[in-house]
Amino acid sequence: MDFRKAVDAQPTVVRMTGEVRGRLESLLFSRYPNREWACFFLFGTRRTREGLLLTIIDLLEPGEGDLDSESDIVSFSEPYTLRAALRKQDSGLSVGTIHSHPEGCWPKPSRLDDDMDGYYAEYFPLFGSSGTYFGLIFSRDEDGQMTFSGRGQSGSVYFRVTTLLTIGDRELRRDNAFSVVERVNMADSFHARLGELYGTKAAQRLKTCRVAIIGVSGTGSPAAHVLARAGVKDFVLVDPQRLAPSNLERVHGSSMSDFDADPPPHKVAVVRDLLLSIDPDIKVECLAGNILQSEVRDQLVNVDLILCCTDTNHSRTAVGELAYRYLIPTIDVGVAFEAEAGLVTGEIGRITFYSPGSPCAYCLGAVNSWKASVELMTEEEKALRQVQAADAVARGEAPNGYWEDFPELPTVGHFTTLAGSLIASYAVGWLTGKFTAPHRSIEFNILEPGFGYVGFDPPARRDCICQTLVGYADEGAFASVVSAPEHWPPVCRIVAAER
Amino acid sequence: MTDDVRARVESELARISIPTLLVFNPDAVIYNGLPSTITASPTDVMVLVPGGYPQTMLDLAFLPAGSPLLGVLKGQPQQNLSAGGRTWTQVSYHPHTNGGAPPWDPTRHGFHTYIDEVLSWISVRR
């Protein structure tokens, strides 16, 4: 392999946890300012329509004698290399190298780096099933500012790292590779108040992040609305539905005139137009689809944060899985109403934070298995099961093996707006590192004293795959917990002024 | 069946010691030669891979059409279905919906655990 000859390298997003990044920086810069250091690392991948996602699972840190400590530059020993190769073979994952350049030096690959990457790109695929190799370079300037570059190869396809996303419990960081120049207008007067409160850096951070909102109805549309006003300039909106008359009461951005069109617009188009009316420079990717679908997942690879606003069992499962397998964090929100004797007795919201290493939806007991199954059935299957349930009753048997009804009260706009705004607030805190929620899961009821606030931090089950497959990405497909049923219509990308 | 689902099902089947067969259109797993205390000869049992699996729970079971176990085991025999070149009869057997098995959890359950439910089922008269 000759990386110098690589042209048209595809963009690659790298994700890692804050914990791994902390260890990585301590290791790489341990011989600064003048001497380099290095390690192998274990990673998962996902090929997308636009490039590749690389998820750093763990560092294979060097022991004594694994690197030449006498040399200023990096030299891997054979035993260390073989140990990494065998780990790759055993795990079914990929292995790459990370090394530092001396302080103040650009992380641009040298001729020696070219030789090293060329060698390892041919060596590691000999072990195990993965043919993918990556080499990353990090460096710091005198002010401690970190920069990086990265490149990789899988078969005959070359990749270049464009973005590094770090998922910490208190902060979500986005760094661009040293060669990537992003043009964002940082100076404006619109976000002066936000800058005064959180600082200029935080206000600028919001302008460089990409947020996905799954479900843009009652809670998703106000969340998008609040974030756009806070300065977020890049959104992915996902919702399969078109606007219905009953949505007018809760979907921010919708109006009576939307129903002049037949059919009425997709919800994602309605919210997109709202965001663009606030700031015409906002970028919005509109997908009429579902989070389980592959095209949607490809778009989520490069987001800083997902807001899951569908309140469905399959979405909750999916975001839990995206958090541990693909290192994509999510704030999930659901709302419910309770009533008794003609009076509303509960307006309840539940917010859950999913990140790598946190409990998944099943650990939290947040999924109803029957409802989840019904959400993914065809209409024909639902009808058939209802008939079979009636037949079972006629035979004197229990019907609930076939069908079970779960009556639910509808939700209304004043409360969904409150819940949507609340998760937008937590999103701002997490993205900027300025504040975090006090608990991993929060429940509240605004009709109870003290808003009926309950916060809890349940541990994950020790043996759960959400703890053992962190960062496995597509290589963890053997334990995937949810998939899109084939009867769903394909994802439709709503472009330009299309509604 | 998507690649992810196939990878998942194949991984589950690799954890089972008895012979199994994964068939397509309709997508299903056939457990071959399961011992039953009710009949002298072993039986095959087919279970469909539902849409949306593994979040969608495994449910129901199919016995070979004409099986002597039909009407003997718990569950109402229902319609026939062709799969894997054979004809099967669906039986209304629902272990994960109040049928004795714990609530479905795709982080724990799959074809590798459903086999235990099926083995119990085929050895108990209704």
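In what sense do strand 15 of chain A and strand 16 of chain A pair, and over how many bridges? I found the antiparallel sense, over 3 bridges, where two strands pair if DSSP finds at least two bridges between them. I note that this is a predicted model, in which local features need pLDDT of at least 70 and side-chain atom pairs count only at pLDDT 80 or more, while totals for chains, interfaces and linings use all residues. I number residues from 1 along each chain as its sequence is written, with chains lettered from A and ligands numbered from 1 in the order in which they are written.

**Entry: the sheet**

I followed the bridge from Ser441(A) and reached its partner in strand 16 of chain A, Phe456(A). Helices (H or I, at least four residues) and strands (E, at least two) are taken as DSSP runs, numbered from the N terminus. On strand 14 of chain A, I found strand 15 (residues 441-445) of chain A paired in the antiparallel sense over 5 bridges, with Phe444(A) of strand 15 as the bridge partner of Gly349(A). Strand 13 (residues 330-340) and strand 14 (residues 343-354) of chain A are also antiparallel, over 11 bridges, and there I saw Ala339(A) opposite Val344(A) of strand 14.

I then traced the whole open sheet of chain A, in which 9 strands run in the order 16-15-14-13-12-9-10-11-17 with mixed pairing. Strand 16 (454-456) and strand 17 (492-494) of chain A each have a single partner strand at the edges, so one side of each is left without a neighbour in the sheet. From one strand to the next I recorded an average twist of 15 degrees. Helix 6 of chain A packs on this sheet, touching strand 9 (211-214), strand 10 (234-238) and strand 12 (305-308) of chain A, and its direction makes about 160 degrees with that of strand 9.

**Entry: helix 12 and its partners**

I looked next at helix 6 (residues 220-230) and helix 12 (residues 413-432) of chain A, which pack at about 40 degrees with their axes 7 Å apart; axes are lines fitted to C-alpha atoms, for helices over the stretch in contact, and angles run from 0 to 180 degrees between N-to-C directions. The two helices are therefore oblique to each other, given that angles under 35 degrees count as roughly parallel, over 145 as roughly antiparallel, 65 to 115 as roughly perpendicular and the rest as oblique. Among the residues that meet are Val226(A) and Leu227(A) of helix 6 and Ile423(A) and Ala424(A) of helix 12, contact being C-beta atoms, placed from the backbone, within 7 Å. By class I list 9 nonpolar, 5 polar and no charged residues in this contact; Ala, Val, Leu, Ile, Met, Phe, Trp, Tyr, Cys and Pro count as nonpolar, Asp, Glu, Lys and Arg as charged, and the others, Gly among them, as polar.

For helix 5 (residues 200-208) and helix 12 of chain A, I read an angle of about 105 degrees and axes 9 Å apart, and these helices are therefore roughly perpendicular to each other. Ala202(A), Arg205(A) and Leu206(A) of helix 5 make the contact with Val428(A), Leu431(A) and Thr432(A) of helix 12, with 4 nonpolar, 1 polar and 1 charged residues by class.

**Entry: the chain interface**

Finally I checked the two chains, and found 26 residues of chain B in contact with 27 residues of chain A. The side of chain B that touches chain A has 8 nonpolar, 14 polar and 4 charged residues.
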